[in-house]
Amino acid sequence: MWRKVWSVVRKELKDLFREKRTIFMTIILPAILMPAILISMFYLQTNTFEKEAVQAKTIAIQTGDTMAKHYAEILKAKKIIENYIEVDDISKAIKDGKALTGFSIKQSGDNIVIETFYNVEKSSGGKKIQAIANIIKEMYVAEYLQKHGLPPVNMLTQIKANPVGDPLAMAKAMTGYMLGLFLVIFTTIGNTYLGADIGAGEKERGTLLPLLSSPADRKSIATGKWVALTITNLISATALLAGEGFAIWYMIKQSLQMGDEKIDFSMMGQFITPSTIVMLFLAAILLALFGAAVQLIISMWSKTLREAQLYLGQLSLLVFLPAMAIIPTMISGGKLAMWAFYIPIVNTMALVYNAVMGQLTTLHIVIAFGANIIVAAIAIVIVVKILDMEQVILRT
Amino acid sequence: MIEIRDLRRSFGKTEVLKGINLKAEPGKVTGLLGPNGAGKTTTIKILSTILKAHGGDITVNGHSVSKEPKLVRKNLGVVFEESGIYQRLTGEENILYFADLADVPPEVAKKRMYKFFALLGVDYAQKLAGTYSKGMMQKINLIRAIIHNPPVVVLDEPTNGLDVPSTRAVETFIKEMKEEGKTILLSTHLMAQVEKLCDYIYIIHKGKIVEEGTPQAIKEKYGTATVEDAFLKVVNTNVA
């Protein structure tokens with residue numbers, strides 16, 4: 001049987017890869033599109049942050065606000081801010097992009113009121129100006145105490161930070177989630193054409209009847225087609241992972257070169273290790289096994305190539321429905337329940353997530369592979385039955 | 001040898017085959033003639049294990065289609081009227097793929113293939129099949145069906161849509177196969193071809209065999225000069 005299976009596999013691969021669309025959809029699209037998306041997102045984010053960072057270094061104060069100017073000078077001398085500008089209207093200056101934040105101080109007797117200004121449309125301004133307002137408050141209190149012969153405030157209180165947990169946990173969770181999602185999306189979409197062609201294409205070209213009347217048994221034909229599709233799915237997933245790998249490597253390199261507090265992708269290097277990459281490939285194999293089985297059933301069942309492409313196109317969106325159940329856990333950086341490893345597609349995302357989070361165990365891998373191989377075996381039995389069903393074979 | 005006994009088949013409530021009996025012997029070309037919708041293609045699809053019989057049986061070299069489909073397929077080469085070939089493979093690759101599926105060693109398959117190429121005048125088999133004309137494709141189709149050297153060959157409209165030189169080449173090829181002692185069942189609409197090739201003919205109409213005999217005997221029975229005229233008489237007699 002296996003000789004015939006191999007014969008079917010060789011023929012299918014030769015047939016599929018002589019089609020230019022196949023090469024484009026299977027290799028070029030996932031390999032080029034992924035880094036293109038990730039790197040352009042990276043640059044978009046970096047530019048936004050860089051622009052905000054430049055704006056954040058300059059603080060706006062009201063012209064004639066002597067107290068604000070006094071503290072702005074001190075902040076500048078202590079290098080807490082880089083520069084300040086005096087403007088007539090702080091809000092307008094912020095809206096015009098001259099500064100990201102600003103403050104004014106109004107005095108009434110011994111009391112002062114610090115008013116902060118920041119752009120709510122930007123992500124980083126509010127917290128920064130709040131921190132500056134606290135520093136001004138402390139400086140004012142210190143000056144006040146000194147004026148009245150009392151000890152300075154920093155002798156009375158001290159704050160020590162003790163962060164608990166893995167500081168990279170959220171970054172890991174997001175990376176694991178995104179990598180799993182991309183792997184599932186692009187591997188399934190990229191192979192829609194191939195999946196459709198391998199079954200419905202045979203019907204449309206009129207090659208199914210000669211094939212089924214040849215001495216080859218149905219099981220060899222179905223298994224051979226499944227193996228061929230698994231290989232193409234795997235090629236697609238490998239191209240995707242290579243593309244993702246390049247994009248991550250590029251981002252890590254770029255952010256290291258910047259060397260400031262901007263988005264720092266260099267930390268990804270700490271949890272995307274060679275063993276993580278091996279696990280990503282395992283997840284890709286897992287997805288390829290299951291995806292090929294489903295594609296083959298739908299393709300064989302469909303009347304025409306167009307019908308199969310339509311079903312498979314819609315299916316690649318439907319695959320996310322079960323995955324929705326674990327997305328909230330992944331986004332919050334939580335631990336996945338064991339059931340996630342039993343369900344195809346969900347287990348691919350779960351495997352990638354756990355690999356990145358460093359939570360993957362042998363049991364997870366065994367369960368996920370076991371589940372998908374069982375599903376694939378059932379699918380082959382179904383395809384063999386389909387090939388014996390007259391109403392399906394003769395649907396054209 | 002093909003033996004069809006009381007073959008019955010329905011599609012929904014329509015009975016398409018109403019108890020067909022037929023025998024095709026080695027070294028002879030047996031014609032299966034009938035108007036459109038008579039049941040010829042259904043018979044061939046049951047014979048090639050694609051469809052199942054609802055009654056009766058067919059044996060191919062002693063193997064039952066319903067009980068031993070794998071052995072039947074091993075003994076059988078079929079050219080379907082509407083069958084295609086893989087467009088992104090060359091003619092050679094198409095043929096060798098089917099040889100492989102039939103467990104024919106590559107060197108044997110190649111030897112056989114080149115012999116058939118010479119007989120049919122195929123000199124284009126290294127080009128991709130997507131570039132072939134219908135006649136070129138049909139020749140590859142024919143070789144693909146018999147590359148495993150089956151003792152029984154079924155041909156459903158093998159020259160349909162072919163030009164004169166291609167038709168002539170295929171007819172010569174059928175004669176060669178007959179000389180080799182193969183059992184050949186030929187389904188065709190071309191009555192001139194029937195007279196030229198067939199040793200015995202069955203006329204099927206509305207799911208029943210309505211006439212059988214050698215072309216000469218049928219012509220004599222109906223007092224006609226050609227098989228075509230006899231065929232029309234048979235069909236018109238059985239209109240009801």
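**Exercises on a predicted two-chain model**

**Exercise 1.** Work out which side of helix α4(B) is exposed.

*Solution.* Start with the outward-facing residues: B:Glu107, B:Lys111 and B:Ala118 are exposed, on the other side of α4(B) from the buried set. That buried set is made up of B:Ala109, B:Met113, B:Phe116, B:Phe117 and B:Leu120. These residues cover an arc of only 105° around the axis, so they sit on the same side of α4(B). The spacing fits a general rule: an α-helix has 3.6 residues a turn, so residues three or four places apart point the same way. Last step, ask what the buried residues pack against: in chain B, that's α3 (91–101), α5 (134–146) and α6 (164–179). Keep in mind that this is a predicted model.

**Exercise 2.** Check whether the length of α4(B) agrees or disagrees with 1.5 Å a residue.

*Solution.* Take the 15 residues of the helix (residues 106–120), which should span 21 Å at that rise. Now compare the end C-alpha atoms: they are 21 Å apart, which agrees. Just past the helix, B:Gly121 takes a positive phi of about 70°.

**Exercise 3.** Describe how β3(A) and β4(A) pair.

*Solution.* Strands β3 (residues 101–108) and β4 (residues 111–118) of chain A run antiparallel, paired over eight bridges. For one facing pair, look at A:Ile105, which stands opposite A:Ile114. Then check the turn: two residues lie between the strands, and A:Gly109 has a positive phi near 70°.

**Exercise 4.** Find how many salt bridges link chain A and chain B, and inspect one.

*Solution.* The count is 10. One to pull up is B:Asp103 with A:Arg3, where the closest N and O atoms are 2.8 Å apart.

Notes
Residues numbered from 1 in each chain as written. Chains lettered and ligands numbered in written order. Predicted model: local features only at pLDDT ≥ 70, side-chain atom pairs only at ≥ 80, totals over all residues. Heavy atoms only, no water. Helix = DSSP H or I, 4+ residues; strand = E, 2+ residues; numbered from the N terminus. Expected span 1.5 Å × (residues − 1). Buried < 20%, exposed > 50% of the residue type's maximum accessible area, 1.4 Å probe, protein only. Arc of directions from axis to C-beta. Contact = heavy atoms within 4.5 Å. Pairing = 2+ DSSP bridges. Salt bridge = Lys/Arg side-chain N within 4 Å of Asp/Glu carboxyl O.
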